[in-house]
Each structure stands twice: as structure tokens, then as C-alpha cells.
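Open the structure in your viewer and keep the sequence panel beside it. The stops below say what to select and what is there.

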Amino acid sequence: MNGAQALWQTLINHNITTVFGYPGGAVIPLYDALTGFPEMRHILVRHEQGASHAAEGWAKATGEVGVCIATSGPGATNLVTGLTDAMMDSVPIVAITGNVPRALIGTDAFQEADITGITMPITKHNYLVRHANDLPRILAEAIRLARSGRPGPVLVDVPKDVQLELFSGEIPAPHARPESPSPAREAIERAIEALKKAQRPILMVGGGAMDASKEIIEFAKAWNLPVITTLMGLGIYPSKDPLWLGMPGMHGSVAANRAITNADVLVGIGLRFDDRVTGKVSRFAKNATIIHVDIDAAEISKLVHAHIPVRGDAAKAARYFADHATYLENKEWHDKLQEWKDRYVRHPVWSAGYAIKQIVDQLSDDDILSTDVGQHQMLAAQLARFQKPRRWLTSGGLGTMGFGFPAAIGSALADPGVRSIVIAGDGGFQMTAQELATLTKYRIPVKIAVINNSFLGMVRQWQELFHENRYSEVWLGDSNPDFIKLADAYGIHAVRATNSEELESAIQAWLNHDGPSLLEAVVPNEHGVFPMVPAGASLEEMVETHEEAKQKQ
Amino acid sequence: MSANLYGDTPSSPTKDHIISVIVRDEPRVLTRITSMFARRGFNIKSLSVGTTENPGVSRMTIVVGGDDNILQQAIRQLEKLIDVIKVIDHREEKFVDRELVLVKVTITPETRVEVRHIAEDFRARIVDVGRYALMFEVTGDEGKITAFIEQMRPFGIIETMRTGRVALSRGSNADIPTQVYTDGGSKSLEPVLGDVEI
Ligand SMILES: Cc1ncc(C[n+]2csc(CCOP(=O)(O)OP(=O)(O)O)c2C)c(N)n1
């Protein structure tokens with residue numbers, strides 16, 4: 001057995017049997033060895049960035065490690081965006097890269113890049129494997145690291161000659177999943193005491209609580225706590241439940257942002273108080289005692305001072321809160337919240353918001369919705385109603401255009417039993433549109449909706465609001481491809497809608513098509529996403545309409 | 001760095017903090033540590049690294065500039081790095097810190113004696129004698145070294161080289177967790193990473 005074979009065997013022993021990759025000189029031995037492992041499914045993408053986002057989509061949908069593979073140099077550097085995205089959103093992926101033979105490392109050899117050096121700040125950890133005999137245990141450790149504690153990306157760089165070197169050891173069994181830390185009793189009891197006295201409490205959950213949904217629901221119901229889910233936390237709490245207030249932050253709901261500003265106790269679980277969530281930090285939840293539960297000690301009081309820090313596992317903490325519950329009536333508070341909840345934006349009949357609403361209304365509770373980045377992403381986040389966790393895949397921390405489509409491919413392969421739908425903008429879709437070939441190659445039934453507003457919409461919105469309508473370099477309408485023909489060129493079924501009547505039947509044709517298909521919704525471009533908290537402003541300064549935003553200038 | 005990296009206003013005054021970082025002695029570990037500081041905009045005022053009595057374990061003394069928040073963040077971010085075995089915040093206990101400096105001072109026939117006298121007061125050792133210059137070696141805490149340099153400045157300092165501070169906690173306890181001294185059973189030093197460049 002050589003190093004390459006040992007690598008595949010290790011992945012298989014870890015129950016990893018789907019990988020996303022792209023071959024090249026420095027990984028030819030890996031691809032050669034692949035032929036001996038029929039149980040391994042390799043998905044050939046069309047750009048390594050696609051492989052990394054597909055691995056993320058896999059991981060976000062399942063909670064299991066996603067794996068991507070690239071060759072040395074340019075192949076490896078094409079993974080950088082996906083690795084950074086995974087780091088920012090705590091997604092467990094393992095990237096395997098080839099490198100030039102050991103003797104050539106450091107000589108500026110053909111297709112050599114110091115990928116361990118390059119990815120140091122964007123991975124949890126990375127390895128350069130020096131000997132084939134180390135390879136399986138390093139890979140096993142990488143997999144364990146990726147999913148333990150706060151999950152994240154790990155890179156394993158394997159020189160070509162290490163892949164070819166004889167492996168003489170034993171393939172290690174998978175590491176047992178390490179027990180996640182329980183919160184300290186004293187800390188959580190202090191938190192309970194504070195919460196008991198609350199008049200205007202809220203619970204805010206982020207992506208770190210993704211696997212604590214059951215406990216969070218019990219916690220909230222037992223205490224009668226209103227719940228806010230961040231962009232990354234959508235689905236952790238069922239949005240049809242009356243306690244749910246929506247998403248906070250820049251494009252959050254009126255109810256969520258008003259609740260934060262007025263709360264006297266805020267329990268935050270598995271979130272990191274990103275600036276898109278907090279707005280101006282010094283005004284964020286300024287009246288509240290903040291209880292922050294997080295597995296990563298470095299997140300506690302990083303941005304927002306935690307009056308009661310609780311370090312530990314989200315599910316364990318929520319379970320403890322649920323088991324020691326005091327039902328808080330607080331009628332006045334709930335009435336007030338209801339009043340705010342009734343304030344939401346109504347979208348004009350033919351607009352991106354309207355089209356997205358029609359699309360998300362067709363989703364079942366099991367469907368997985370991915371988005372790209374931009375206005376359509378925020379609209380989808382505002383309009384979709386998730387009842388379960390891991391049904392919503394979006395690039396939150398990095399805001400990566402090009403993420404949505406390959407992520408949907410990853411999720412579709414992870415669970416063929418569910419429908420994978422992606423909503424993308426006309427700008428972002430083109431960043432990874434070449435993965436249409438991947439859909440065709442494997443007949444992956446991803447449903448793509450391109451919301452075509454002929455603009456880099458979100459940038460246009462900022463230019464409109466903050467730069468006096470100087471629309472510098474955001475017009476795509478003169479050069480967008482014909483998306484129907486583009487899909488057709490890759491052999492993919494596609495339909496177009498240019499008004500509300502067409503949309504209804506187009507959605508049916510699109511969703512009912514057996515196999516991959518694309519829907520293009522051609523929408524007017526003048527609409528912005530509201531409500532909005534202007535960058536740098538506090539949540540109290542939220543504006544609810546375009547006119548209001550202009551007035552505040 | 002600016003003290004308000006994480007907030008609108010600095011929460012506590014900026015000052016220097018001294019921490020020790022016990023790390024696995026692996027290639028690139030220094031880069032990992034320093035790149036964390038660089039990426040987050042934390043300021044390393046001084047950094048000394050050396051091996052320890054325990055093979056495979058290195059020890060760094062880092063002086064971090066910034067307010068208490070920045071120190072806290074630096075420590076927590078360090079603790080997250082896989083290569084970091086332990087971080088010691090020396091505010092927590094009494095410690096001894098020392099720095100070594102080489103100072104080259106201009107001398108003339110008129111100043112030679114006075115320079116030597118001052119050096120004696122500081123217990124500085126003469127390590128090189130030239131016609132126009134003397135080189136001194138001084139060990140001590142930061143205050144002593146700064147004072148020595150200030151005393152010598154009027155005579156004409158040609159150049160200096162400071163090592164940066166090194167620190168150890170007082171008392172009989174060891175900063176490095178005992179299990180890393182023994183060969184068996186240490187999670188931190190599993191052979192997993194033995195031959196790996198990380
Ligand atoms: C890779 C990348 N480049 C640039 C940006 C900056 N950016 C954020 S939103 C946006 C516009 C997106 O336009 P489009 O994909 O058409 O979606 P829309 O906002 O119109 O829905 C841009 C350029 C980004 N987030 N990611």
C-alpha cells in the first residue's frame with residue numbers, strides 16, 4: 001500500500017465516501033489510487049472553489065466533515081476562499097492538497113505554493129505531511145480537529161512523493177468524538193438567577209447552537225422566552241412558533257432589533273456578536289444583562305461584554321436552563337413584541353422580494369435552501385420560514401459570492417432524499433456558474449433560481465443610499481448571458497419569468513422538472529432591502545423604508 | 001495598535017503585559033503565534049523563544065502592548081492554537097523577569113573612567129574593549145536596563161541589542177503542566193505530530 005492508498009482507506013474508515021475535487025500533477029498518485037476504491041465517490045467539480053463550497057454545503061447540511069481535494073499551487077490556492085468561508089462560519093471541512101515532491105519544497109518549483117503558510121490564518125490547523133507512515137494518523141487527527149469543539153477547516157498538504165511512498169503501518173480507527181465541555185454549574189446558576197428577575201428577556205441563538213435545536217426549543221418554551229435567530233441560526237427555532245421574533249441586525253426584523261434594544265436580559269447562545277448583528281457595539285443591548293454561552297472561550301467578551309460568561313456546549317447549557325425553568329409571564333413585554341412583529345415590509349407585486357416570497361412559499365420543511373450573497377440573500381433570510389435546523393445554507397461571516405450554487409450541490413449529494421434549492425443573484429451565480437457542468441455530469445437535481453435584477457444589487461443599494469446614486473461599475477444588464485441559453489448549453493432545463501403571472505407557472509415547471517433545472521426571474525432593479533440598519537449605526541437607528549433611509553441622510 | 005480595536009472607546013489603559021507561552025517545538029510554531037498577533041492587530045513589544053529542559057517543548061516570553069481586553073483576547077486566541085500547551089498570564093502570580101542587553105559606548109581618554117564607574121554601579125560586565133569603545137553586557141529587569149542605557153546616552157551609544165524579556169513564575173511550582181514532562185500519557189505531546197511540519 002502506498003501513501004495515496006492509505007489516504008483513501010483512512011477516509012473510508014471514517015465513513016467519508018464522497019469527496020469533491022479536481023486533479024493535477026501533484027495529486028495524480030491520489031487519483032491513480034482512487035481507481036482501486038470503488039466505494040469512494042469523487043465528484044469532479046469545474047473549479048476548486050466549487051469543491052470547497054460543495055464540501056461546506058455537505059458539512060452544513062449534515063454536520064459531518066466535508067472533504068475537498070486539489071492539486072498543488074493554483075489548485076490549492078483556489079481553495080482559499082472556501083477555507084476562509086468555512087473558518088468564518090465554523091464549518092468542519094478537511095482540504096487535502098498535493099504538493100511538489102519533498103526535495104523540491106522551498107525551491108519555487110513548478111506549481112509550488114506554500115499552502116500551509118498561506119492557509120495558516122484561515123484554518124483551525126494545517127499539516128504538511130513528511131512521511132507516508134504519518135499520513136493516516138494525521139488525516140485522522142485532521143478529521144477529529146475539524147469537527148471537535150468549535151468546528152472549522154483543516155488542511156492536509158501531501159507532497160507527491162509521500163503519496164507514492166510505501167505505507168507500512170496500520171490505518172487508525174476513527175477517533176471517538178470528544179465529549180464537549182459542560183458549562184460550569186456556578187456560571188449557569190448565576191445566569192438562571194439573572195433570568196428569573198427579567199422583565200424583558202430575550203434569547204438569541206446563532207449557528208453555534210445548530211445541534212442544540214431541541215434543547216433550545218424546550219428552553220424557550222419552558223421560560224416563555226422570545227427567540228431571535230441570527231442569519232447563521234435560522235431554523236434552530238421554528239419560525240412558525242409565536243415566540244420567534246426573526247433575525248437581528250442590519251437587515252433584521254423590526255421585532256428582533258427593537259427587542260434587543262429594549263431587553264433587560266439577553267441570553268446569547270452559540271453566536272459571536274458579528275458587527276452585522278450588533279450595529280454600533282456600544283449601543284447594542286445597552287440596557288441588558290448579557291449572558292453569553294459559547295464553546296469558544298475567545299468569543300466571550302470579544303466584542304460585547306458578557307456580564308455572565310458561560311463557557312460550554314450549547315445543548316448542555318440549554319438543557320440545564322430548560323430543566324431549571326421559571327415560566328416568565330411578562331405580558332406587557334410580549335404584547336409590545338407582538339406589536340413590533342406586525343411591522344414587516346410588504347413587497348411590490350413585481351420585485352425581487354415578491355419573486356423570492358413566491359419561491360420560498362413553495363418550500364417544504366425538509367427542503368434545503370442555499371443562497372448566494374447580496375440582496376436576494378437578505379430577502380430570502382427575511383422571507384423563508386424554516387422549521388428545522390440545517391435547512392438553510394448561506395455564507396454569513398465572509399459573505400462569499402459564488403458560495404450558494406456549489407453549496408447546494410454539496411447538500412444535494414449529502415441527502416438525495418431532500419430537495420436542494422439555491423437562490424442566487426445574477427452577479428454571484430456567474431462566479432461559480434461553471435458548476436452547471438457538475439450538475440450535468442452527475443444529474444444532481446439542484447434547483448437554481450437566478451434573481452436577475454441586472455445589477456450587483458446590494459452594492460447598488462449602498463451606492464444609492466450612501467453615495468448619491470453614483471452607480472459605479474455595478475450594471476450587469478448590458479453583458480449578462482442569456483441564462484436560459486447558458487443552462488441549455490450545459491444541458492440543463494431552464495425557464496424564465498418576467499412578471500408575476502409567468503412566475504407562478506414557471507415555478508411549477510421548474511420545481512416539477514425531474515432533475516436539475518434553472519429558473520430565471522427577471523425583476524426590476526430599483527428595490528432595496530429593508531428594514532436596514534445603516535453601517536456603523538446602532539440597531540435603534542433602523543430604517544424601515546427607502547424614503548426613511550433617504551431622509552436620514 | 002489602537003486600543004479600541006473591539007469597541008468604540010478603550011476600556012482600560014494601555015500598558016505592557018508579560019505572558020509566557022508553552023508550545024510544542026514544531027516547525028512554523030513561531031509563525032503561527034506571531035501571525036495570530038499580526039492578524040488581530042495585537043502588538044508584540046518583545047518576544048523571546050527558547051527550548052526548555054523538556055525535549056519537544058519550547059517556551060516563549062511575550063510582552064503584549066494594549067489594554068486588558070486585548071491581553072485577554074491574545075491569551076484566549078493563543079490557547080486555541082493546537083500547538084499551544086499552556087499560556088501563563090504573569091499578572092496572576094509573582095514572577096521574575098530579566099532581559100539581557102549588549103551596549104556599545106563611545107569612550108575618550110576623558111570619559112573612560114567615568115563610564116567604567118557607572119558600569120560598575122549597574123554591575124554591567126565589560127565584554128569587549130576597544131580604543132574608542134567599550135561593550136557592556138547588562139542583565140536585569142526592564143527598569144534597570146533602561147536606566148543603564150539612559151546613563152550611557154550622554155557619552156555616545158554606538159549601538160545596542162536587547163534580547164527581550166524572559167520570565168518565570170516564582171516559587172517551586174512549574175509553569176509547564178507536569179504531564180508534559182513525562183513521556184507517556186500526555187495528550188499534548190501525542191506522537192501524532194512528531195514528524196509533521198505544522
Ligand atoms: C466574492 C465577492 N466579491 C464581492 C462581493 C461584494 N458584494 C456583496 S453583495 C454584491 C452584489 C451581489 O450582486 P448579485 O449577485 O447580482 O445579487 P443581488 O444583490 O443583486 O441580489 C457584491 C458585489 C462579495 N460579497 N463577494
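Two strands pair if DSSP finds at least two bridges between them; strands (E, at least two residues) and helices (H or I, at least four) are DSSP runs numbered from the N terminus. This is a predicted model, in which local features need pLDDT of at least 70, side-chain atom pairs count only at pLDDT 80 or more, and totals for chains, interfaces and linings use all residues. Residues are numbered from 1 along each chain as its sequence is written, chains are lettered from A and ligands numbered from 1 in the order in which they are written, and side-chain values use heavy atoms, leaving out hydrogens and water.

Select β3 (residues 66-70) and β4 (residues 93-99) of chain A: the two run parallel and are joined by five bridges. One of the residues to click is Gly66(A), whose bridge partner in β4(A) is Ile93(A). Widen the selection to the open sheet of six strands, in the order β2-β1-β3-β4-β6-β5 (chain A) with parallel pairing. Its edge strands, β2 (41-44) and β5 (125-128) of chain A, each pair on one side only.

Next, select Phe219(A) and Trp223(A), which lie four residues apart in helix α10 (residues 213-223) of chain A, about one helical turn. Phe219(A) is buried at 0% relative accessibility (buried means under 20% relative accessible area, exposed over 50%, partly exposed in between, with a 1.4 Å probe and protein chains only). Trp223(A) is also buried, at 0%. Add Phe321(A), which forms one aromatic cluster with Phe219(A) and Trp223(A); rings of Phe, Tyr and Trp (its six-membered ring) pair if their centres lie within 6.5 Å, with planes under 30 degrees apart counted as stacked, over 60 as edge-to-face and the rest as tilted.
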